[in-house]
Amino acid sequence: MSWVLYALTAILVLDAFRMRGRVGKLAVLGPSDAPPTGYRAIAAPGIELDPATVRAAAAYARTHELALLDLIPRNLGSMRALGFAQLVDPVVYRADKLGPGRTAGHAILVAEPVFERAGAAVPTDDEGLAKLASRIKHYGRADAAIAPFERARAQDLANRYKLLYTALGPGTPIALGVLVAMWAVIGLGLWLSPLAGLIALAAWQLQPLIGLGGTHLRPRDLVPFTLLRAPIELYVLVRTLAGHRPDVEEAAAAKPVYDQLIAGGLDRFWDPRRETCPVCDSKDLVVHLRHGDMFQHKPGTFTLERCRGCRHVFQNPRLSLAGLDFYYKDFYDGLGETGMEFIFGFGKQPYLDRLHMVREIAPPSRWLDVGAGHGHFCVAARAELPATAFDGLDLSESIEEAKRRGWVDTAYRGLFPDVAPEIAGRYDAVSMSHYLEHTLDPRRELEAAHIALADKGCLLIEVPDPEFWVGKLLRRYWLPWFQPQHLHFLSVANLDRLLRERGFTPVTWHRGKAHQKVDFFFAAWLFLDRLAPPRKLPWRWRGVLAGAWRTGVWTLGSPLFVVAILFDNLVGPVFARGRVSNTYRVVATKG
């Protein structure tokens, strides 16, 4: 037990100095007499900004060409200051176009043209301010700065869970669970190994003083908070868990709609079962996996079958168009939009790896990303290919938001096979990243790519690898099975076959190189979420005890995420050097 506590002490001390370093990188606004032309200052309810602060903020934003500037009062409370420093590294924040915007909750400054292009409205509460900051960050450069003459007000704890959810998305219960688990480890240590436990407790207790003392921030409560941190944070946690929950409130509003959708039964959500393999027409089919919706917990059971002839894995019976509408609803937008933005904005390296595969063959002048969503790939790739026009296609409203952000130059909304004739021969590159497995007929999608591409154009495809042994080990807890959305799992041999049939020549394959270090993290996530799903979903409502059960399970299970992350990072380099991993990519040329 002692070595665990000493390791925890080291982590806490290093984390305190990390936060101190981040606070030290924050700019401090200087005085300015220039009028704040072209910018809109938006404060949290109950706050009136000093005109001198607005002038100084506008001058700073104009100098650095910012779309968003968060204004941090110098006397921001210690707990909120530590929370902001945990989330924001100013240097990374300024350069990162993919991650969400952050706010200390006092006020933000927004460029007027950006505010209008986003179709934004002035928020009426703290949650609205946080959501506005998160959204505007995607419209241009963002930064945070200390406003020395502003005075912070106390935060309404009833809304704190909402603010955490806006900042952390689906990671909110993990963050709260890890906090409680850390307290439990320290408490157990005080009993089993008093000296090591006291050292760990002291390290945690002194974090505010180490992280904030003597910096540009001057928290009004630094000393009392440092001395009384334990009871204060316990009280705040209880108020947070008892406060308003955006997920619950949104679910309640959507419940009547889902009651009506489910009332007619589920049979219409499936097409008739197929008797032959969609790749080789063999009738030798066996059940590969059968389970329910592991992600949204919507009703229904889904079956993956495997062809013994070519080993193609596919959903059978397949979702109908009505089924696709039902199971996609509130996943990528609506109730699920915050979570998806969080996941797709988590690191740009996979996007760049895809870009480099195509660029090594021929840098394209026009690139179409199919299944583009909000355009994360396009904005990441544009930084390395600024002269390339990046367009996006998607079926959901997200592609229109990508256009408003400026992340795509042209937005197409619809099915790729329907749009392809309108854009025949227009593109030098087409990418389909984690798209083909979602489609009803991969052959039609490849034909559409062939139509859209110019001669010798490049097609990049990235899909899950059904031959990866971890998928067989984890079974329903392997993320890429992703039922009910993933309809087809093409092996390398089968995709190679389909590409050649449709007039493509595969040039480069990445198997181990395409590995993504997420298998065991998401297995832990899916396991805990299946064991203790959310209490209130509009399609599946549960009683009060279910909420207590979920809180307890996620708190006790939170150390699983630490172990899973460590294991993913430990074995990831091994898989990356191997022949098979959880993902593979191919670049093929037309002709």
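Two strands are taken to pair if DSSP finds at least two bridges between them, and the strand pairings described here, in a model that is predicted, rest on that criterion. Within the pairing of β13 and β18, which is antiparallel and extends over seven bridges, V463 stands opposite Y584 of β18. Strand β18 also pairs with β15, again in the antiparallel sense, over six bridges, and in that pairing T508 lies opposite V587 of β18. Eight of the eight residues of β18 are buried, so this strand is largely enclosed by the rest of the structure.

These strands belong to an open sheet of seven strands with mixed pairing, in which the order is β11-β10-β9-β12-β13-β18-β15. The edge positions are held by β11 (411–413) and β15 (504–510), each of which pairs on one side only, and the twist from one strand to the next averages 20°. Elsewhere in the seven-stranded sheet, β9 (residues 366–370) and β10 (residues 389–394) run parallel and are joined by five bridges, with V370 standing opposite L393 in β10. Two helices that pack on this sheet may be described together. Helix α19 (residues 442–452) touches β12 (427–433), β13 (453–464), β15 and β18 (583–590), and its direction makes about 145° with that of β13. Helix α21 (residues 492–501), for its part, touches β13, β15 and β18, its direction making about 150° with that of β15.

An open sheet of five strands, likewise with mixed pairing, has the order β1-β5-β3-β4-β2. Strands β1 (27–28) and β2 (39–43) stand at its edges with a single partner strand each, so that one side of each is left without a neighbour in the sheet. The partner strands β1 and β5 (residues 142–147) run parallel and are joined by two bridges, and V28 has I146 as its bridge partner in β5. Helix α6 packs on this five-stranded sheet, where it touches β2, β3 (68–73) and β4 (107–111), and its direction makes about 40° with that of β4. Helix α6 (residues 126–136) is itself mostly covered, eight of its 11 residues being buried; among them are D126, E127, L129 and I136.

Turning to charged side chains, a search of the whole structure finds 32 salt bridges. One of these joins R94 to D143, with the closest N and O atoms 2.9 Å apart, and the pair links distant parts of the chain, since R94 lies in helix α4 (residues 90–95) and D143 in strand β5, 49 residues apart. The two partners differ in their exposure class: R94 counts as partly exposed at 23% relative accessibility, whereas D143 is buried, with a relative accessible area of 3%. The cut-off that separates these classes is 20% relative accessible area, below which a residue counts as buried.

A salt bridge is also formed between R413 and E400, where the closest N and O atoms are 3.1 Å apart. R413 is in strand β11 and E400 in helix α17 (residues 398–405), so that the pair, 13 residues apart, links distant parts of the chain. Both residues are partly exposed, R413 with a relative accessible area of 46% and E400 at 32% relative accessibility. In a further salt bridge, between E501 and R502, the closest N and O atoms are 3.1 Å apart, and E501 is partly exposed, with a relative accessible area of 40%. Beyond such individual pairs, R135, E397, E401, R404 and R405 are joined into one network by salt bridges that share partners.

At the surface, M1, W3, V4, L188, W191 and L192 make a nonpolar patch of about 680 Å². The elements giving two or more residues to this patch are α1 (2–24) and α8 (172–192), and α8 provides the largest share, three residues. L188, which is placed in helix α8, is partly exposed, with a relative accessible area of 37%. Another partly exposed residue is T551, at 40% relative accessibility, which is found in helix α23 (residues 544–557). The C-alpha atom of T551 is separated by 33 Å from that of N75, the two residues being 476 residues apart along the chain.

Methods. Residues are numbered from 1 along each chain as its sequence is written. This is a predicted model: local features need pLDDT of at least 70, side-chain atom pairs count only at pLDDT 80 or more; totals for chains, interfaces and linings use all residues. Side-chain values use heavy atoms; hydrogens and water are left out. Helices (H or I, at least four residues) and strands (E, at least two) are DSSP runs, numbered from the N terminus. Axes are lines fitted to C-alpha atoms, for helices over the stretch in contact, and angles run from 0 to 180 degrees between N-to-C directions. Contact means heavy atoms within 4.5 Å. Buried means under 20% relative accessible area, exposed over 50%, partly exposed in between (1.4 Å probe, protein chains only). Patches are made of residues with over 30% relative accessible area and no salt bridge: like charges are joined within 9 Å, nonpolar side chains (Val, Leu, Ile, Met, Phe, Trp, Tyr) within 5 Å. Accessible areas come from the Shrake-Rupley method with a 1.4 Å probe; for residues, only the protein chains shown count as cover. A salt bridge is a side-chain nitrogen of Lys or Arg within 4 Å of a carboxyl oxygen of Asp or Glu.
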